[in-house]
Amino acid sequence: MLNQIYPLPMPLQILRPIDNLITNHLTLGISGFARAGKTIFITSLTQALLTADAWSKQRGQGPLAHFGPFERGELISARIRDDLHPQRPQFPFRAMRDAIATGSRWPEATTGVSHLIIDLEFRRDCWIGNGRKKLQLEIIDYPGEWLIDLPMLSMNYSEWSKECLNIAKLPERKLWVKPFWESLNNVENSHTDNEEKIIELSRFWREYLQHAAAAGYILNQPGRLLRPDHLRDSPILRLFPLPEEMQSTPLGQTINSRYQHYCQKVIRPFYEQTFSRMNRQVVLVDILRYLQLGEKPFNELQTGITQILASFRYGKGGALDWLKGIKTTHVLFALTKADHVVRGDRLNLEQLLRRMLAFVDEKNTLRATTLKHDVMALASIATTEDRKTISPPVREILYGLPAGYNELVQYDPGGIPLDMPPDWNEIQFQYLDFQPTKQLMQEPLYRGFPAINLGRALNFLIAED
Amino acid sequence: MNSFTRRPGIVNEHASSESNPNTNHQSREKLPPGKIELSAIPIASIDEVEKKRYENGNDKFESFPLPKTYSWTSTFILWIVFLLVITTGMGTKIIYDTTAGNYWLSLPILILSIVLMIYTINVFAQEWKAINQVKKITLLRKNLIESIRNNNHSMFIDNLIPLVDRLGYYSEEQVNSFKKAVNYDDPPYMVFQQFENIVLNHIDNLALELIKKESIIGGVGVAIIPHPALDGLFALWRGMRLMRKISHLYGHTITPLSSPMLMRSVILNATIAAGMEELARIVVEGNQGNNLFPSVLGPISEAGITGMRLHRLGIMTRSYCRPLPFNWKITEKRF
């Protein structure tokens with residue numbers, strides 16, 4: 001690959017398209033609802049690739065264990081390309097890495113779409129060339145809250161309002177949406193499109209969504225009200241559902257027109273320019289947190305996955321898919337925070353997600369349309385150490401630093417339910433939020449972050465390229 | 001499927017960083033959960049697995065799982081012993097009679113005959129051993145595929161660990177890396193994938209290098225050697241050597257009788273090498289006016305064909321000796 005850190009002389013710039021032609025490009029989309037661990041996944045994966053050399057004498061160990069090209073000694077180097085597409089927001093990898101490695105704390109959530117381009121060089125046994133193959137991996141990150149907006153593309157304002165208000169009427173959400181209803185009742189007789197009133201209503205709706213999101217609920221539309229990014233305070237985000245009888249009023253017509261605008265100018269560009277151009281997709285699911293949150297948030301998670309699956313366009317990479325513009329061929333459903341369950345339960349965790357997918361993908365669309373798909377439990381950064389007690393009764397336990405504790409403790413989180421849907425009266429699992437700690441991370445800046453199945457995930461996603 | 005009765009919480013027991021290889025969910029269901037302040041130990045390593053076997057009363061792993069011995073085997077051995085005794089007796093008698101009781105003449109002949117016989121027996125013993133080894137390889141391959149397909153953990157480990165130990169001679173670094181990296185509690189296909197990545201891939205590359213080298217040497221040798229019979233012998237020697245060396249890389253030995261399919265290929269190679277020399281000679285003699293072109297082309301074609309056939313033989317031997325075929329993942333996808 002031409003070194004693009006230093007600008008090439010003008011006559012040699014003609015070589016760039018040729019260089020691009022011989023380099024394999026791959027776009028890896030990291031999807032998942034809010035707090036699923038997307039940022040941590042990208043940070044840990046990038047750091048693992050950059051520090052792979054530290055494990056070259058210990059193949060099969062370290063964060064890239066089970067990544068075929070690494071274990072076979074074919075991975076030569078990885079480097080971040082800061083020089084490509086400088087106009088696009090870059091994923092703040094260094095800040096995130098340092099926050100975890102030096103501050104031992106989880107970084108802040110993502111606020112907008114960002115990219116990170118990594119050049120990977122592999123050793124290949126071939127007759128021509130210098131025996132090296134290049135892969136340019138573009139990782140795309142975006143806020144999880146935006147994902148839930150995708151189903152809005154297939155609904156009109158009336159349908160969307162009906163669905164949103166039905167969800168808002170659920171007992172668990174009733175309290176949070178009360179100010180919105182009260183404000184809406186006041187506007188009933190005025191039948192006006194007063195902007196002040198719209199701002200007030202949209203503020204109440206946003207506050208309701210914030211409460212719901214804080215309680216772990218997923219179905220919070222429009223997602224941009226929670227993560228507005230560059231649209232903060234813009235009129236397009238003054239958006240909320242209205243009951244059917246109010247939709248024909250001037251207020252309803254104004255909001256309806258904003259809804260159309262929101263779908264066409266906000267969601268569709270995100271869908272077309274970011275979401276649907278991914279070659280590989282990782283869908284991160286934090287199922288443990290939802291087991292802890294209880295039945296209703298868990299059910300919403302299931303509904304949420306069902307809805308977004310309908311928005312995914314997968315293909316097998318054939319000519320017809322190419323003509324239709326379908327690029328995503330590999331989908332990995334990754335269960336995050338596998339380090340929060342004992343080792344023997346990790347396979348059970350995978351089984352739990354498999355069962356959940358069988359529920360949400362009733363028509364088996366995923367299996368039928370993708371070239372490859374898989375489910376695995378992973379921990380992008382392992383915050384615990386697996387242990388077992390010596391004296392009977394012998395059992396596997398976790399050793400780590402839970403949030404709010406000053407010292408590392410040995411902890412048994414309880415068993416993972418195997419049934420789907422789980423029997424909520426029988427669940428004994430107790431999620432303890434473990435924090436990254438320097439005692440369990442050995443030189444993360446040199447050796448990468450300890451991880452579980454990160455290399456295996458990477459192997460599934462890019463090994464054949 | 002009620003399997004989550006372990007209660008969560010802080011465990012005040014002494015614990016170590018070794019994990020319990022038993023992943024059975026139900027096995028832990030009645031244990032009180034919580035904070036643990038007991039000592040604890042690290043993850044299932046090969047040493048731990050072996051230790052566990054000792055504890056279970058198994059002394060060590062067999063070098064390979066042996067095939068079932070049938071009654072005809074012992075009958076056959078008895079017949080061989082019987083024939084040997086008869087031959088020795090009769091031979092002694094014949095030598096004694098031929099030399100008319102002259103001990104100074106009959107004794108060296110007798111000693112020579114015995115040495116010859118011992119060597120012959122040794123060759124047959126080696127062949128016998130190699131044939132058994134081939135049976136073991138076949139069985140090993142079958143067991144590995146079956147264990148991967150059925151997710152049979154103990155069967156997989158029983159077959160993989162002896163194999164790993166055997167491969168350590170040529171690939172010590174890789175085998176040690178694998179032993180340190182592997183988590184034997186992982187599903188068999190994952191363990192084998194890691195074994196393939198770290199160890200087998202290295203051996204495959206070594207074998208490929210060897211095949212390339214031997215193909216070139218074989219080709220050039222046949223081109224230089226002037227006589228068809230010598231060409232044939234040379235190709236035979238290099239072919240057998242290639243087979244033996246590749247099989248050593250994969251931790252066993254292949255002999256002519258133990259792998260008739262490969263041996264057939266070696267003999268065919270030798271015949272073709274000899275035939276090519278003769279063919280080139282006929283072509284040269286037939287072109288009396290212009291000898292330069294065929295006399296250059298002859299050795300080149302001899303070298304090319306012999307090299308290609310040796311390469312093919314090498315690839316065949318590699319596939320034959322590999323514990324699992326290159327496309328084993330197709331098997332994996334079946335479950």
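Me: So buried is under 20% relative accessible area, exposed is over 50%, and partly exposed sits in between. Where does A:Arg203 fall?

Reply: Keep in mind this is a predicted model. A:Arg203 has 35% relative accessibility, so it counts as partly exposed.

Me: Which residue does A:Arg203 form a salt bridge with?

Reply: A:Glu207, with the closest N and O atoms 3.4 Å apart. A:Glu207 is partly exposed too, because its relative accessibility is 29%.

Me: How far apart are those two in helix 7 of chain A?

Reply: They're 4 residues apart in that helix, so about one helical turn separates them.

Me: What does A:Glu200 pair with?

Reply: A:Lys197, as a salt bridge whose closest N and O atoms are 3.1 Å apart. They sit 3 residues apart in helix 7 (residues 195–214) of chain A, so again it's about one helical turn.

Me: And is A:Lys197 buried or exposed?

Reply: Buried, because its relative accessibility is 17% and the cut-off is under 20%. A:Glu200 comes out at 27%, so that one is partly exposed.

Me: How many salt bridges are there over all chains?

Reply: The structure holds 25. There's also a network of them linking A:Arg81, A:Asp83 and A:Asp119.

Me: Switching to chain B. What does B:Glu214 bridge to?

Reply: B:Arg241, with 2.7 Å between the closest N and O atoms. B:Glu214 is in helix 6 and B:Arg241 in helix 7 (residues 228–249) of chain B, so the pair ties together parts 27 residues apart in sequence. B:Glu214 counts as buried because its relative accessibility is 1%.

Me: What about B:Gln194, where is that?

Reply: In helix 6 (residues 188–224) of chain B. B:Gln194 also has 1% relative accessibility, so it counts as buried.

Me: Which side chain does it make a polar contact with?

Reply: The side chain of A:Glu71, at 2.9 Å. Leaving out residues up to four places away in sequence, B:Gln194 touches A:Gly60, A:Ala65, A:His66 and A:Glu71 on chain A, plus B:Phe178, B:Ala181, B:Val182 and B:Asn183 on chain B.

Me: What's the overall pattern of chain B?

Reply: Along the sequence it reads β-β-β-α-α-α-α-α-α-α-α-α-α, which comes to 10 helices and 3 strands. Of its 335 residues, 43% count as buried. The chain exposes about 18,300 Å², with carbon and sulfur atoms supplying 65% of that.

Me: And how many of its contacts are long-range in sequence?

Reply: Among contacts with a separation of 6 or more, 74% are between residues 24 or more positions apart.

Me: Back to chain A. What order do the strands of the open sheet take?

Reply: It's 2-3-4-1-5-6-7, so 7 strands, with mixed pairing. The edge strands, each pairing on one side only, are strand 2 (75–80) and strand 7 (372–377). From one strand to the next the twist averages 20 degrees.

Me: In what sense do strands 5 and 6 pair?

Reply: Parallel, over 6 bridges, with strand 5 covering residues 280–285 and strand 6 residues 330–335 of chain A. A:Leu284 stands opposite A:Ala334 in strand 6.

Me: Which helices pack on the sheet?

Reply: Helix 12 (residues 346–360) of chain A is one of them, touching strands 5, 6 and 7, and its direction makes about 135 degrees with that of strand 7. Helix 15 (residues 454–462) of chain A also packs there, touching strands 1, 3, 4, 5, 6 and 7, at about 175 degrees to strand 7.

Technical notes:
Residues are numbered from 1 along each chain as its sequence is written. Chains are lettered from A and ligands numbered from 1 in the order in which they are written. This is a predicted model: local features need pLDDT of at least 70, side-chain atom pairs count only at pLDDT 80 or more; totals for chains, interfaces and linings use all residues. Side-chain values use heavy atoms; hydrogens and water are left out. Buried means under 20% relative accessible area, exposed over 50%, partly exposed in between (1.4 Å probe, protein chains only). Contact means heavy atoms within 4.5 Å. Accessible areas come from the Shrake-Rupley method with a 1.4 Å probe; for residues, only the protein chains shown count as cover. A polar contact is a pair of N or O atoms within 3.5 Å; within protein, one must be able to donate a hydrogen and the other to accept it, and residues adjacent in sequence count only if both atoms are side-chain atoms. Two strands pair if DSSP finds at least two bridges between them. Axes are lines fitted to C-alpha atoms, for helices over the stretch in contact, and angles run from 0 to 180 degrees between N-to-C directions. A salt bridge is a side-chain nitrogen of Lys or Arg within 4 Å of a carboxyl oxygen of Asp or Glu.
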